[in-house]
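Colleague: I am new to reading protein models, and I would love a close look at one part of this one. Could you pick a helix, tell me what it packs against, and then walk me outward from there?

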Amino acid sequence: MTEGQRRAFDNYWGAYGLSLFDGPLEPRAVFRREAPLVLEIGFGMGDSLLAMAEAEPDKDFIGIEVHPPGVGRLINNAGKLGLKNLRVYMADAVDVLNDCIADGSLDRFQLYFPDPWHKKKHHKRRIVQPEFVRLICAKLKAGGLLHMATDWENYAEHMLEVLEAEPLLENTAGKNRYSGRPEFRPETKFERRGQRLGHGVWDLLYRRR
């Protein structure tokens with residue numbers, strides 16, 4: 001961690017940090033209002049999540065990330081901007097989903113560029129598995145949106161297969177189809193660099209039945 005990221009925990013964790021050990025989250029108490037709730041797993045360095053929270057002030061955002069430098073960077077930048085509609089867990093995502101997020105509470109779920117575990121023998125470590133998708137479905141409201149993106153074609157195919165097999169989800173682009181990047185997902189520097197190198201990006205957008 002940089003010195004600035006380390007200081008961010010002293011300066012801003014009290015305002016933005018949420019604890020797994022506090023148990024079930026009450027969004028109305030945390031954000032002091034009633035608003036659509038968006039949850040993102042694995043926000044990395046946090047730049048796109050910050051941009052979304054800034055661009056959609058009518059929504060409340062929760063990010064989950066285990067990587068301290070990324071958490072430090074996000075809360076530091078959010079604190080400097082004075083954002084009120086963002087909170088962060090630094091914990092295992094499945095634990096947070098199980099212990100803190102109420103069923104039927106999310107309006108949107110986001111998973112962008114997760115670790116592809118590209119070696120075949122490691123595919124079982126990928127976060128997108130049928131059991132994980134069922135857990136997300138439980139947390140989404142009826143009509144809520146599930147959005148994933150990856151720059152690994154093999155992982156995109158795996159995601160598509162798993163999501164298409166879940167009866168609680170409807171593909172907004174049509175059966176077995178990928179979506180275009182929705183306006184609410186910022187294009188990352190990493191993504192633009194990949195496009196210059198000829199790499200693709202695959203978005204998958206599903207609605208909870």
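**Helix 3 and its surroundings**

Modeller: Happy to! The buried residues of helix 3 pack against strand 2 (37-41), strand 3 (60-64), helix 4 (68-81), strand 4 (86-89) and strand 5 (106-112). Please keep in mind that this is a predicted model. Which residues of helix 3 are the buried ones? Helix 3 covers residues 47-55, and its buried residues are Ser48, Leu49, Leu50, Met52 and Ala53.

Let us follow two of those residues into strand 4. Leucine 86 lies in that strand, and its contacts include Leu49 and Ala53. Beyond helix 3, leucine 86 also touches Tyr16, Phe31, Phe61, Leu74 and Ala78, once neighbours within four places in sequence are left aside. Is leucine 86 buried or exposed? With a relative accessible area of 0%, leucine 86 is buried, because anything under 20% counts as such. For a sense of distance, take arginine 6: it is 80 residues from leucine 86 along the chain, and their C-alpha atoms are separated by 19 Å.

Another buried residue of helix 3, Met52, takes us to a loop. Met52 is one of the residues touched by phenylalanine 184, which is found in the loop between strand 7 (169-171) and helix 8 (189-196). What else does phenylalanine 184 touch? Not counting residues up to four places away in sequence, the other partners are Glu56, Arg108, Gln110, Tyr112, Leu145, His147 and Leu205. The relative accessible area of phenylalanine 184 is 19%, so this residue falls under the 20% cut-off and is buried. Phenylalanine 184 and proline 27 are 157 residues apart in sequence, and their C-alpha atoms are 21 Å apart in space.

That loop holds another residue worth a look. Asparagine 176 also lies between strand 7 and helix 8. Its relative accessible area is 49%, so it is partly exposed, a class that runs between 20% and 50%. What is the phi of asparagine 176? It is positive, about 60°, although this residue is not a glycine. Most residues other than glycine have a negative phi. Phenylalanine 113 is a further case, with a positive phi of about 55° although it is not a glycine. You will find phenylalanine 113 in the loop between strand 5 and helix 6 (130-139).

Helix 6 brings us to a charged side chain. Lysine 139 has its place in this helix and counts as buried, because its relative accessibility of 5% is under the 20% cut-off. Where does a polar atom of its side chain lie? It is 2.8 Å from the backbone oxygen of isoleucine 101. Setting aside neighbours within four places in sequence, lysine 139 is in contact with Leu97, Ile101, Ala102, Asp103, Gly104, Ser105 and Leu106.

Now compare two residues of helix 1. Glutamine 5 has its place in helix 1 (residues 3-16) and is buried, with a relative accessible area of 11%. A polar atom of the glutamine 5 side chain lies 3.0 Å from the backbone nitrogen of threonine 2. Apart from residues up to four places away in sequence, glutamine 5 touches Met45, Pro69, Gly72 and Arg73. Aspartate 10 is also in helix 1, but at 67% relative accessibility aspartate 10 counts as exposed, because that value is over 50%. Aspartate 10 and asparagine 76 are 66 residues apart along the chain, with their C-alpha atoms separated by 9.9 Å.

Finally, let us step back to the whole chain. The protein chain has eight helices and eight strands. Its radius of gyration is 17 Å, close to the 17 Å that the globule rule gives for 209 residues, so the chain is as compact as a globular protein of that length. The C-alpha trace spans about 45 × 40 × 35 Å along its principal axes. Buried residues make up 47% of the 209 residues. Of the contacts between residues at least 6 apart in sequence, 77% join residues at least 24 apart. The chain exposes about 10800 Å², with carbon and sulfur atoms supplying 50% of it. As for charge, the mean positions of the 31 positive and 30 negative charges are 3 Å apart.

How values were computed. Residues numbered from 1 in each chain as written. Predicted model: local features only at pLDDT ≥ 70, side-chain atom pairs only at ≥ 80, totals over all residues. Heavy atoms only, no water. Helix = DSSP H or I, 4+ residues; strand = E, 2+ residues; numbered from the N terminus. Rg over C-alpha atoms; globule rule 2.2 N^0.38 Å. Buried < 20%, exposed > 50% of the residue type's maximum accessible area, 1.4 Å probe, protein only. Contact = heavy atoms within 4.5 Å. Areas by Shrake-Rupley, 256 points an atom, 1.4 Å probe, with all protein chains shown as cover. Lys, Arg positive; Asp, Glu negative; His and termini not counted. Charge placed at Lys NZ, Arg CZ, Asp CG, Glu CD. Polar contact = N/O pair within 3.5 Å; in protein donor to acceptor, adjacent residues only side chain to side chain.
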